[in-house]
Amino acid sequence: MTPLVATIEGIGLIGPGLQDWPSSRELLLGLKPFTPRPTVLPLPEGLPAAERRRMGRVVKLALAVGTQAIREAGAEAASLPTVFTSSGGDGQNCHEICRSLAQEERQLSPTRFHNSVHNAASGYWSIATGSTAPANVLCAFDASFASGLLEAVAQVSLAAMRVLLVAYDAEYPPPLHEKRPISDAFGVAFVLAPDETGAHRGARIRIGLSEAPADRLSEPQLEQLRLSIPAARSLPLLVQLARREPGRVGVEYLDGRSLATEVL
Amino acid sequence: MTALAAATEPLLLSHYTAVSCLGYGKRETLTSLRARRTGLAPCRFETVTLDTCTGEVKGVDEQPLPPSLHHFDCRNNRLAQMGLRQDEFADAVARSAARWGRKRVGVFLGTSTSGILQTELAFRHIDPSDGSLPKDFDYARTHNSFSVADFVRRALALEGPAAVVSSACSSSAKVFGSARRMIEADVIDAAVVGGVDSLCLTTLYGFHALQLTSRLPCRPFDLQRDGISISEAAAFVLLERVPESVDADAVLLLGVGESSDAYHMSSPHPEGLGARAAMVAALRAARLQAADIDYINLHGTGTVSNDSAESCAVRAVFGARTPGSSTKGATGHALGAAGALEAVICALALQNDLMPGGVNTTTPDPSLGIEYLLANRDRPIRRVLSNSFGFGGTNCSLVLGRAQAGP
């Protein structure tokens, strides 16, 4: 059996009241009060202005957390295989398409259509970074983060290569919002390195499927955030990583089970 | 390097099936391929008024879901259920689950639009008083991309890992890679992989807006090719480790190769660099040379740019002599289900000594410079390569072969 182990060399994090990983540590640890504020998305880098204008929030979010993680890891984006995972992709774009198609004159803009694919963020990432490496693009509803982590760590363990994981979700506007009440944008990215590279920095994690339910967070605002955005299901792991000490947490997987993630 | 070496072990397609506009199940699909029939016809889908052809599966609406799964009711999941009912596929999965355990059988499916048709229809019925969607509209179990894997997993009573791969038109080729990794990492012993995509307004009007749909049944690699014909399909494969003894004509997954274009959201790299990298990676994973491949099932959508880029890539890897065809003239482009549908067609080709000739194409574009088959060739085939490429510059090639490759 292949041990599913990897070292997290870089972390990107953007969410309500969270701007990046270094400044979020103390908030996650409760050393500073955590006040959720509307998520602020930085302008994406590496793409011409025309392309940037055409991107939805969810794509900006994915590119921003991916860039943060790469930077912290000092990794080369152009050579990194990627795993993108999201419950719903670009909600605003989906809303506009369904609205147009419900009208008598069904006019769809070509850009809206190509931005509607679930792999839009992955496609823009590949263009922005010049990366021709394989990109996988997953969805598992509220288990999307855990599914992406499982896929990414399996890739790292089997192919002995670094992999970038990007998990991201953003809200739908009404009326879809009532059916899928995602509160805001939240994205997390890890540069994951294989064990045998003797990676010099970052936390080592081991993952495996578990029958136990996902861990909840004791801080009510963080727990609320965890439940209100699928990608924020990563928060128990992020809190454990912020502690910089060994420990085991469960992140939400399918059927009320969890992906056990041990920080070694 | 042991991990890399392990990454190239073959897997067995221990059972497979498909439903498309060519027919229900393996026998009808093979009969249609042998008869060089196309399932494409002028679009009559829903309220669509576009001048284009589609490959609609007959009878999808007459396949209600069982009461216990009625929340999942949408065209895409009905089509998935039709697929599971062909060729005793569900029974084969049940045997596999009994052998390995329900938690040791994964589900990895590709789709591009899942049940979005349900949302398109719901938007026609927004309550004018408060702007809300109909009460019975179920986003999670119809529209969401994961819906189809969730449904299939419940319909088959499986409890193993599951995910949807949604990378546009490479989705259900890439699931073979995801499932393979889970088996190699010993997270599971078997996987239901496949693709399900169904007709909806988003793709029909979207490809029309991009001026990528043909008015006629699509003509891949033809001098006159002018676009795609959108279709729908459900294709499933049960993947397991290769047992010690296996029939000579069993079909194995020998290699998966993936790459990205880093070029454009809706146009392939003009020289097919990404496509080329995917094919080379698939051959390397299979430990094969280009000369070992007897037939290429081309992505061959029938757009000017795809077929031109793909032919550049094929020439660069294989030269001009390896016979190839696109079966999309027969099946149409099933988008997120195309990769799995064409893997099933390749498996049928391997087991029935058939290289399917391209349908609808009459005059292959000489500038493309590859050996494009216009007629069926009945001869033993040992190994095939199948291409799937998609929006966002995502590429995946599969290499399949007979267990006993023979002389």
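The exchange below concerns chain A as a whole and one helix of chain B in a predicted model. Local features need pLDDT of at least 70 and side-chain atom pairs count only at pLDDT 80 or more, while totals for chains, interfaces and linings use all residues. Residues are numbered from 1 along each chain as its sequence is written, with chains lettered from A and ligands numbered from 1 in the order in which they are written.

Biologist: What radius of gyration does chain A have?

Modeller: The radius is taken over C-alpha atoms, and the globule rule is 2.2 Å times the number of residues to the power 0.38. For 264 residues a compact globule would come near 18 Å, and chain A agrees, because its own value is 18 Å.

Biologist: How many residues of H10(B) are buried?

Modeller: Helices (H or I, at least four residues) and strands (E, at least two) are DSSP runs, numbered from the N terminus. A residue is buried if 20 or more other C-beta atoms, placed from the backbone, lie within 10 Å of its own. Those meeting this in H10(B) include B:Leu273, B:Met279 and B:Leu283. The helix is mostly covered, and of its 13 residues the buried number 10.

Biologist: Which elements do the buried residues of H10(B) pack against?

Modeller: Contact is judged by C-beta atoms, placed from the backbone, that lie within 7 Å. The partners, in chain B, are strand S10 (251-260), helix H11 (304-318), strand S15 (383-390) and strand S16 (394-402).

Biologist: Which residue just after H10(B) takes a positive phi?

Modeller: Helix H10 of chain B covers residues 273-285. Just after H10(B), a positive phi of about 55° is taken by B:Arg287.

Key: The expected span of a helix is 1.5 Å times one less than its number of residues. A residue is buried if 20 or more other C-beta atoms lie within 10 Å of its own, exposed if 12 or fewer, and partly exposed in between; C-beta atoms are placed from the backbone. Two residues are in contact if their C-beta atoms, placed from the backbone, lie within 7 Å.
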